[in-house]
Amino acid sequence: MREYQAGEYDVAVIGAGHAGCEAALAAARLGCRVILFTITLDGIANLPCNPSIGGTAKGHLVREIDALGGEMGRAADATFLQSRMLNRGKGPAVHSLRVQADRMAYHICMKKTLENQAGLDVKQAEIVEVRVDSQGGVCGVVTHLGAVFGVRAAIVCTGTYLKGRVFVGEYSFDSGPDGTHPSVGLSASLEQLGVELRRFKTGTPARVHRDSIDYSQLEEQLGDEEIVPFSFETRGELKNRVSCYIAYTNEETHQVIRDNLSRSPLYGGQIQGVGPRYCPSIEDKVVRFADRARHQVFVEPMGLDTSEMYLQGMSSSLPEEVQLQFLRTMKGFEQVKVMRTAYAIEYDCCDPTALTPALEFRKIPGLFGAGQFNGTSGYEEAAAQGLIAGINAARRVKGESPFTLDRASSYIGTLIDDLVVKGVSDPYRMMTSRSEYRLLLRQDNADERLTPYGYQLGLIGEARYRAFQAKMSQVEQERKRIERITFAPSPELNALLEQRGTAPIATGVNYAELLRRPQLSYELLAPFDPGRPEMPKEVWEQAEIQIKYEGYIKKQLADVREMRRLEERPLPPELDYDQVVGLRLEAKEKMKKRRPQNIGQASRISGVSPADVSVLLIWLAGEENRRGERTEND
């Protein structure tokens, strides 16, 4: 193949899925010349699986992306169809926003944003090689047509395209998602650079025709009356525009699946990749949960201008005719027409423990990874990594120090720490249970936690930052006002307290003390607070949470201080763990491979015990004493 010099850029982003879009926008907005490559322009910001953004813990990620200056939240609000706040019956730490998005509108919205971004060029081309210079740092990328682009950093965001292979029953073929071309040449180039690749797999359900479903047999699922936007910048009222529905499998459905398991490539051995633990196929569900009489299926529209309906919970790789057979056993689906057949897809990804917390490969300066390439699943996890990788690629080009987030700052920090320190054995999915500090990392306070970082980085503009500061000032003023007020006993107030199942008051009680009672809320006490100022719900809601959960928040803040104390004890990158007396063999091997940057990271490596951490702390103290003695002798 004849090559030619096609241009010079600061950063190349390989892949234009959710990771690639955020990475390219972040790097360009930070002043770099960026080129974004995609195998097809029609696949930009595609939603190849479910037509939704957010969900449990994932909604936290989207709000954090927005608080830092990313794009996903704005695009989700702009293409919004229906909204639901999940886990409303639980505490605010696990409230998670999920919206149905118009699939094509989301793609068009993000594509337009990319095309209009200054400093960013978008090009349809397959990257087949990443090149490094004599020092081992990234210096260029090469397309399948021989175009050579000089770059100073590259971000691999290949999603499920990298050596993608699709499976439907006994039939399999090389493909990216939705019948697109796979990326076939890049894997070999990355392996030549020393990147260790592995095979993961995921899958997607069938899409069926809207008019072939009998909705009278299904449960209608309406959106919330009170709609919360994803983006802190979104203004104006959002309205639900569609209904979703719930269907159920049954014993006949399960029997069809059991009768055809031998034809499943997953159970027949054709699929070698490891699938997602928390998003199993319907075959997996039937086998693993054999005692379950039925499984829920969420029937969701793909958009306003299409008749395609998505069947969440029915991912499958069984043969096409078997899929139609088991779908038609469900109530309401007796005459269903399949528009797109379900499939499983296998793809290459890296071992994320080879990355630094900045998402840069430790042994290949200037090469970054983000999204499913790093072993995750989900649009939101991908976008979060893309944003951080884009920021750090730009900072590397500009000679600035890496930007990282720790576990106590965000779900983004938790996600990346889990990847680069603990590693993954199957596609990683964010869940609220993964965070030790989830009461601090609520979606309602994502701006409080992260917008100052976005402003310092240059991704948050002056006007937005001033509006954020004004909001934080209002929150503080309202919290202090609540703490100053005393409620006198009255028949009306005591009647409310008894009605809510909490003790009446005989003397004056501080408003904050009443608010800490779990049976009471800011809204319930409104009639007894005539001096309450007018303010947005997002303001008083934060003030209420800060007061109501003050004790728990203080405890978690103490845990954070201890965690950060360990994070501040760096481990020398050249440390020979074999020379650290008292470390167990397993701990030595794990730490030699992972090369933790500090004691905190070391403590989170699987196989490193608290006793090993104590040994390291003692060794560090000894090293500090020995250095002090050498300094005195000098």
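**Strand β12 and its partners**

I started at Arg 165, whose bridge partner in β13 is Asp 174. This is a predicted model, so I read every entry below in that light. Arg 165 belongs to strand β12 (residues 165–168), which runs antiparallel to strand β13 (residues 171–174) and is joined to β13 by 4 bridges. I looked at how the chain gets from one strand to the other: β12 and β13 make a hairpin with 2 residues between them. Gly 169 sits in that turn and has a positive phi of about 60°.

Next I asked which other strand pairs with β12. I found strand β21 (residues 343–350), antiparallel to β12 over 3 bridges. For a landmark on that side I noted Val 166, which stands opposite Ile 345 in β21. A reminder to myself: strands of a sheet pair through backbone hydrogen bonds, either parallel or antiparallel.

**Positive phi in the loops around the hairpin**

I checked the loops for positive phi in residues other than glycine. Lys 163 came up, with phi near 50°. I placed Lys 163 in the loop between β11 (153–156) and β12. Is Lys 163 buried or exposed? Neither: Lys 163 has a relative accessible area of 42%, so I logged it as partly exposed.

Asp 178 also has a positive phi, near 60°, and is not a glycine. I located Asp 178 in the loop between β13 and α5 (186–192). Asp 178 counts as partly exposed too, at 26% relative accessibility.

**The six-stranded sheet**

I then traced an open sheet of 6 strands with antiparallel pairing, and wrote its order down as β16-β17-β18-β19-β15-β20. Which strands stand at the edges? They are β16 (219–221) and β20 (338–340). Each has a single partner strand, so one side of each has no neighbour in the sheet. From one strand to the next, the twist averages 35°.

I zoomed in on the β20 end. Strand β15 (residues 207–209) runs antiparallel to β20 and is joined to β20 by 2 bridges. Val 208 stands opposite Val 338 there.

**Two helices**

I pulled up helix α10 (residues 379–397) and compared its span with expectation. With 19 residues, α10 reaches 27 Å from its first C-alpha to its last, close to the 27 Å expected at 1.5 Å a residue. How many of its residues are buried? I got 18 of the 19, so α10 is largely enclosed by the rest of the structure. After α10 comes Gly 399, with a positive phi near 75°.

Helix α2 (residues 58–68) was my second pick. Here 11 of the 11 residues are buried, so α2 is also largely enclosed by the rest of the structure. I went through the names, and the buried residues include Lys 58, Arg 63, Glu 64 and Asp 66, along with Leu 61, Val 62 and Ile 65. Just after α2, Gly 69 takes a positive phi of about 110°.

**Aromatic rings**

I searched the whole structure for aromatic pairs and got 10. The pair I looked at in detail is Phe 37 with Phe 149: their ring centres are 5.2 Å apart and their planes meet at 65°, so I called the pair edge-to-face. This pair links distant parts of the chain, as Phe 37 is in strand β3 (residues 34–38) and Phe 149 in strand β10 (residues 147–150), 112 residues apart. Phe 37 and Phe 149 are both buried. Tyr 9 joins Phe 37 and Phe 149 in one aromatic cluster.

I also looked for charges over rings. Arg 434 lies over the face of Tyr 428, 4.1 Å from the ring centre. Arg 532 lies over the face of Tyr 522, at 3.5 Å from the ring centre.

**Cysteines**

Last, I counted disulfides, with sulfurs within 2.5 Å as the cut-off. The count came to 0. Why is Cys 244 without a bond? The closest cysteine sulfur, in Cys 49, is 15 Å from the sulfur of Cys 244, which is too far. Cys 350 is in no disulfide either, and the nearest cysteine sulfur, that of Cys 349, is 6.7 Å away.

I checked accessibility for these cysteines as well. Cys 244 counts as buried at 2% relative accessibility. Cys 350 is buried, with a relative accessible area of 0%.

Key: Residues numbered from 1 in each chain as written. Predicted model: local features only at pLDDT ≥ 70, side-chain atom pairs only at ≥ 80, totals over all residues. Heavy atoms only, no water. Buried < 20%, exposed > 50% of the residue type's maximum accessible area, 1.4 Å probe, protein only. Phe/Tyr/Trp six-rings, centres within 6.5 Å; stacked < 30°, edge-to-face > 60°. Lys NZ or Arg CZ within 6 Å of the ring centre and 35° of its normal. Expected span 1.5 Å × (residues − 1). Pairing = 2+ DSSP bridges. Axes fitted to C-alpha atoms, helices over the stretch in contact; angles between N-to-C directions.
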